[in-house]
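Thanks, everyone; I would like to walk through one model this morning, taking the helix packing before the core and the backbone.

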Amino acid sequence: MRFNIDCHFHPHLPKSDEKATKKCMRWWDELKKEGVNTIIVTEHVYENPKRAFSFMSKTKPKGCFVFPG
């Protein structure tokens, strides 16, 4: 398997969980279009990096990988 990695990814998620989930799914669609299958979530501390990692993890498609940064 080949890994195409974005090593510095900021999802900038909205506060609403529903909107955050939708935005994550849109992010994954865009990442897949660009051939990226692995991301390192490096969200800023004031944007809640733990939450960003959690949402990107639970919405990731099969064959994709996400790591905290």
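What follows covers a helix pair, a nonpolar core and two loop residues.

This is a predicted model, in which local features need pLDDT of at least 70 and side-chain atom pairs count only at pLDDT 80 or more, while totals for chains, interfaces and linings use all residues. Residues are numbered from 1 along each chain as its sequence is written, and side-chain values use heavy atoms, with hydrogens and water left out.

Let me begin with the helices. The axes of α1, residues 17-33, and α2, residues 49-59, come within 9 Å and cross at roughly 60°, and α1 and α2 are therefore oblique to each other (neither under 35 degrees, nor over 145, nor 65 to 115). In the contact, meaning heavy atoms within 4.5 Å, residues of α1 including Trp-27 and Trp-28 meet Arg-51, Phe-55, Met-56 and Thr-59 of α2.

Turning to the core, the largest nonpolar one, a set of buried Ala, Val, Leu, Ile, Met, Phe, Trp, Tyr and Cys residues joined through side-chain atoms within 4.5 Å, has 14 residues, and Trp-28, Leu-31 and Met-56 are among those with the most contacts inside it. Buried here means under 20% relative accessible area. α1 gives the most to this core, with 4 residues.

Finally, the backbone: which phi does His-12 have? Phi of His-12 is near 50°, a positive value in a residue other than glycine, and His-12 lies in the loop between β1 and α1. Asn-48, in the loop between β2 and α2, likewise has a positive phi, of about 65°.

Terms used
Axes fitted to C-alpha atoms, helices over the stretch in contact; angles between N-to-C directions. Helix = DSSP H or I, 4+ residues; strand = E, 2+ residues; numbered from the N terminus. Buried < 20%, exposed > 50% of the residue type's maximum accessible area, 1.4 Å probe, protein only.
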